[in-house]
Structures are given as C-alpha cells and as structure tokens.
Amino acid sequence: MKKNEMRIAELYNLDHTIAKDLMEEYEYPWEVLPHIGDFVRKLGASLPKSEYDNPMEGIWIHKTARVAPTAGIIGPVIIGPAAEIRHCAYIRGKVIIGANAVVGNSTELKNVILFDNVQVPHYNYVGDSVLGYKAHMGAGSITSNVKSDKQLVKVHGEDGDIETGMKKFGAMIGDEVEVGCGSVLNPGTVIGKNTNIYPLSSVRKCVNAHSIYKNQGEIAQKR
C-alpha cells in the first residue's frame, strides 16, 4: 500500500459516519485520533434532545439504541441510532459508535470511531483506531495500540514511512473489511477497503484494498 492509498478518502465513505466533519479536516485517518474526545463533546452538546438521551455528563445515547444494563460507559461518547451495546461491553471514553453498530459481550473500546454498521461483537479490544462502514472484527480479534518497545508508531508504506508522532495507534480499517477470529492488528496497521484477513493472523504494516491476507508475505488479490 502506498501513502496516497492510506488517505481518508481512499479508505472511507464519510457519508456513513457522524464524524464526517472531523475527518474532512485531515488527510490521513490517524490524524483524527488526538481530536476525537473534543469533537465528541462539541458534537454531543449540539445533538437534538428529542433524539438523544443525555443520562450523564458527556454521554449521548440515541433513543433507538439498545444498551444492556451491565454495559460500562465512560464519556465522552456518542451512541448512534439503532446501535446495540451488549452485556458487559466496556466503553472507556472518546468514542463514537455509529448507527446500527454492534458492540458485543466483553468488548472494550477506547478513543475510536466506529462508522455505521460496524460490528465488534465478541471479546474484541479496539483502541486508538478507526473502523469503516460495515467493518467486522471476528471473535477475539483485537487492535494492539502500543509497540512493545514503547517507541512512536510509524506507518510503513511501499513508498516510504510516515512518522505519526504517536505512541498509541491501533489500526485504520477501511470500509467493509472482514477481520478473522483471533487476529491481532499490530500498531500502525492500515487495511484497505473490502479486504479479508484470515483468522489467527498477526497483521503488520499495511494491506491493500480488495485483498485476502493469509500470512505475512502471502496476500492475494480478490477475483
């Protein structure tokens, strides 16, 4: 994947997120990560009270969303229309959950944007990441958002590295990506739209759009 293929416009259809205004300000999706919290607070305060409940400071939940009583929610967070937050989900703040999204049993979110129709339904950890429209993470798949050596994360493109200046950076997952069960997306991973990641994969660097990721160095184009 080349640098120009990592741009927001190449990875995401912004008509499928309430965070469109934020994302249109930047070229690369990871650039939004430091600004999610402030954006949620500002946008949340402007949401119509006829459509969104505000049960606690910094928390806005659409009246059609279904939230399990056992879910833990820390603001700032916006939960969109018809979203489903299941038993024992843990939402740690600076989170946007799109319309019709599913956040499942024991799934943990922190500083993320989930576009509409995203599914993270079973034992997922998603931190410092952006998941595009209809992206799906299989059971037990996670984003790893800090390098083991604690160094700043670089994004490795075919035409050179991009210095992000960030210590915490999970994965940028394009529209309609399928991540197989038990996979780990290592810090700085970028996955192009409409790509499949095989189960139990350890994904590093970047994966082109319309691909099938089998193993490191074994990536096939879809037919």
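These are my notes on the overall build of the protein and on one of its helices, α3.

**Entry 1, the model.** I am working from a predicted model. I looked up the secondary structure and found three helices and 25 strands.

**Entry 2, dimensions.** I took the box along the principal axes, and the C-alpha atoms fill roughly 50 × 35 × 30 Å. I then checked the radius of gyration, which is 16 Å; this agrees with a compact globule, because 223 residues would give a value near 17 Å.

**Entry 3, burial and contacts.** I looked up burial next: buried residues make up 50% of the 223 residues. Of the contacts with a separation of 6 or more, 32% are between residues 24 or more positions apart.

**Entry 4, surface and charge.** I noted an exposed area of about 10100 Å², with carbon and sulfur atoms supplying 47% of it. I counted side-chain charges as well: 25 are positive and 25 negative, and the centres of the two sets lie 5 Å apart.

**Entry 5, helix α3.** I went through α3, residues 36-46, and listed Ile 36, Gly 37, Phe 39, Val 40, Leu 43 and Gly 44 as buried. These residues lie on the same side of α3, because they cover an arc of only 160 degrees around the axis. I recalled the general rule that residues three or four places apart point the same way, because an α-helix has 3.6 residues a turn. On the other side of α3 I found Asp 38, Lys 42 and Ala 45 exposed.

**Entry 6, cover over α3.** I asked what covers the buried residues of α3. The cover includes one helix segment, α2 (20-23), along with the strands β2 (59-62), β5 (77-79), β8 (95-97) and β10 (108-114).

Terms used
Residues are numbered from 1 along each chain as its sequence is written. This is a predicted model: local features need pLDDT of at least 70, side-chain atom pairs count only at pLDDT 80 or more; totals for chains, interfaces and linings use all residues. Side-chain values use heavy atoms; hydrogens and water are left out. Buried means under 20% relative accessible area, exposed over 50%, partly exposed in between (1.4 Å probe, protein chains only). Helices (H or I, at least four residues) and strands (E, at least two) are DSSP runs, numbered from the N terminus. The arc is that of the directions from the helix axis to the C-beta atoms. Contact means heavy atoms within 4.5 Å. The radius of gyration is taken over C-alpha atoms; the globule rule is 2.2 Å times the number of residues to the power 0.38. Accessible areas come from the Shrake-Rupley method with a 1.4 Å probe; for residues, only the protein chains shown count as cover. Lys and Arg count as positive and Asp and Glu as negative; His and the chain ends are not counted. The place of a charge is taken as NZ of Lys, CZ of Arg, CG of Asp or CD of Glu.
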